[in-house]
Structures are given as structure tokens and as C-alpha cells.
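User: I am new to reading structures. Can you walk me through this one and justify the terms as we go?

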Amino acid sequence: MLKEAELILIRRKLHQIPELALAEYQTQKLLLAEISKLPQDYLEVRTVQELPTAIFVRVRGSNPEKTIGYRADMDALPVDEQLRSSFISQIDGQMHACGHDFHMTVALGVLSHLSEHQPRNNFVFFFQPGEESQNGGKLAYDAGLFSGDFRPDEFFALHVNPALPAGTIGCNAGTLFAGTTEVNVDFHGTSGHAAFPHQANDMIVAASQFITQAQTIVSRNVNPTEGGVLSFGKMTAGTIRNVIAGEVRLEGTIRGFTQPMIELIGHRLKEVAAGIAVSFNAEVNVTLNQGGYLPVVNDPHTTAAFISFMQNNSTIQFTQTKAAMTGEDFGYLLAQIPGTMFWLGVGPTSSLHSATFNPNEAALQKGVTAFTKFIENYEEINQ
Ligand SMILES: CC(=O)N[C@@H](CCC[C@H](N)C(=O)O)C(=O)O
């Protein structure tokens, strides 16, 4: 079984090679190398053409009644790391700022335990490309990659949480994460000389009005007791200070805890865009893409068992959480296969997706131990 120092080393190696969605080639190579070092007696490792950077590992149970799935996402973000360490990202402008290096390492730790202690049930580990975008979980499911021996009856996954102390497990029944929809808004007007605005159609002004009006959707259209989010994280416009920009693109995300809420925000966004198009005599196109980012809804049965175990184990710090506006394409998998997503505390550190996100490595071993203990107990109570 991987020791704590080995887990930390693997995490640091992964941290140095953060790759974007569906391009996790070095990451896959490193994981395959680590998996090949484990006892192979009960393992079957699979890579597939349909999702080339994914890895599936099946652990054959001794007396199986079901197959338990465990998913760890692999991709990183286009964030320029601002930390100083001996294991800083070696890929310019890319960083594991969402903790997926932790997710993969904990999965390897659990897998290494099971490779030495054959479980009663079968397990399928899914190292998943493309969580931050491209919905790799949905791609895998829709391509039929969870079929036959590789079909889990239940699915588990974790996400690191900088607001919880390192090693603390957090979870709640029902909705854990919001559903999200990626939104692009393209403005088409007419460029021109900065000195002759009356001869151009300035899309920076139109987009600015649009953003301001769009902010009233959450404050005026969303029921405050239900909540919703509309954030634009990227705006692309212009080339130089003295040329009026005729084209602008906004890229953002819509979040809500229910599908109707996500649809309401998307619908109002289109109405605001139509109004801006009329008032600026411009073309404004809104594109929405939800993909697999459905709300993450924890199954009552698996989640009750998970919470009960974590709450009643004196060696584990557990906290009940509330639904968060983070998104996850694990929501798509949980809509097909019942299961539980939970938080692993890695704090204190700065927020997920920040360039100074520096999760506490003490959480690695604690995460592995908590989940392996849960599995042992889960197999006993389900005999
Ligand atoms: C845990 C986490 O941070 N997940 C991402 C998921 C991205 C969803 C999608 N690409 C979108 O932006 O809508 C998140 O940003 O919450």
C-alpha cells in the first residue's frame, strides 16, 4: 500500500504536469506507470480509443455482489501558478488549481490498498479526462464505456475543499453541487477609428451594457431563497486603444441547484441579449452548453451509509455540508448510476481556481484512510 511519503511524491509529480481537458497524455502515462507498480493479481487496466487519455482499472472482488465505482478527474486549468515550490507547474500558464492532482493521488492510494487487500465486491476506478470543460464523464458514459464488467452499480467521488481543515470529510444528502451551463455571448458591430465613433458601432459599449443588465437577472428574476449564479470570467475585445472594437466575445457560466433555475437564467439572458441587439443595432448571439454538468445529487441510500460511517468513526473528522455553487460533470454520472460525492478538506488555503491554491498535503493520507475504512465497513454492513 502506498505510504504517505509516496502519496506526496506522486501528487507533486502530477502537480508539475497540469494538462487541459482531453489532453492529459503525460498525466495518463504517469498514472499508468504508478498502477503498473501495484500487485496486478486482481487488476485489469484498460485504456480506450473513444476517450484516449482515460484509464479504467477493474479490481476483481473475492465474492462479488456488485461493482463499486470510484472516479477521479485528471485535467487542470489555464491558470498561471503564483506559488513558489520545488514542484511548481512545468507547463506555462497551466495549473492544478482545482486539486485534481489530489483527486488522482487519493484514488491511487485507495487502489493500491485494494490491490493488496482483495475486496469482496468488484471495483472500477475511472481516471476521467475533461472535468473542467468537455464533460469527460458524459463522453465516457455516452460512448458505452461503463458496460459489462466495467459497469458500476454505485459510484463515489471526492472533491477537495479549501474551506475545510485538511483531512476533514464533508458531505450532505441530496444536492451537493449546482448544475452549470457554459455561456458564450458574441457581439458583432462595426469597427472604426476612435476619433469617429459615430461612424462605427462600438461593441465594447454594447457588451458593457449587456453585462450590467445581465447582473439584474440574479438580483431581480431569481427567487432569493433558491439562489443562482451568472458569472463572466472572460471578455475578449479590441486590438489597440484607438480602434473601436466591432467584435466582442464574453465567456461565462450559469449555475443553479435545479434544472428549472438554470433554464430560467439562460432564458432571461437571451431576452437581455435580444434587447441589447435592438438598442445597439447589433448582432448578439447567445450560445448555451450544459453538456454533462447536471446538478450533483447524492443518492439517499449510499449517502446515508457514507455519512453514518464518517460521523460515527472517532478517527475521522466529519462535517455536514450545504449545497455549493461549484459544478461537476459527476452530476451526469450520478444521474445514471446512484452514488455519493463528498468533500475532502485541504485547508486552510486560497480558493479553488486561484493561482495561489496550495492544498495541505496532510489531507492525502487522511483521504485514503477515510475512504478505505468506509469501504471495509460498507462491505461488512452490506453482506
Ligand atoms: C469543482 C469545479 O470547480 N468545477 C468546475 C466545473 C466547470 C463547469 C463548466 N465548465 C462551467 O464552467 O460551467 C466549476 O467551475 O465549478
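User: Which residue is the bridge partner of Ala237 in S12?

Analyst: In this predicted model, Ala237 is bridged to Val248 of S12.

User: What makes S10 and S12 a pair?

Analyst: Two strands pair if DSSP finds at least two bridges between them. S10 and strand S12 (residues 247-256) are joined by 8 bridges. The cut-off is at least two, so S10 and S12 count as paired. They run antiparallel.

User: How do you know which strands are the edge strands of the sheet?

Analyst: Follow the order of the 4 strands in this open sheet: S10-S12-S8-S13, with antiparallel pairing. Strand S10 (229-237) and strand S13 (283-289) each pair on one side only. That makes them the edge strands. From one strand to the next, the twist averages 20 degrees.

User: What packs on the sheet?

Analyst: Helix H5 (residues 203-221) does, touching strand S8 (179-188), S10 and S12. Its direction makes about 175 degrees with that of S10. Helix H6 (residues 259-280) packs on the sheet too, touching S8, S10, S12 and S13. The direction of H6 makes about 170 degrees with that of S13. Angles here run from 0 to 180 degrees between N-to-C directions.

User: Why is Cys98, one of the residues around the ligand, counted as nonpolar?

Analyst: Cys is on the nonpolar list, so Cys98 counts as nonpolar. The shell divides into 3 nonpolar, 6 polar and 3 charged residues. Glu132, Glu182 and Glu328 are among the residues around the ligand, and Glu counts as charged.

User: Which domains supply the shell around the ligand?

Analyst: Domain 1 (4-176 + 295-381) and domain 2 (179-289) each give at least three residues.

Technical notes: Residues numbered from 1 in each chain as written. Predicted model: local features only at pLDDT ≥ 70, side-chain atom pairs only at ≥ 80, totals over all residues. Near = placed C-beta within 6 Å. Domains from an automatic or database assignment. Helix = DSSP H or I, 4+ residues; strand = E, 2+ residues; numbered from the N terminus. Contact = placed C-beta atoms within 7 Å.
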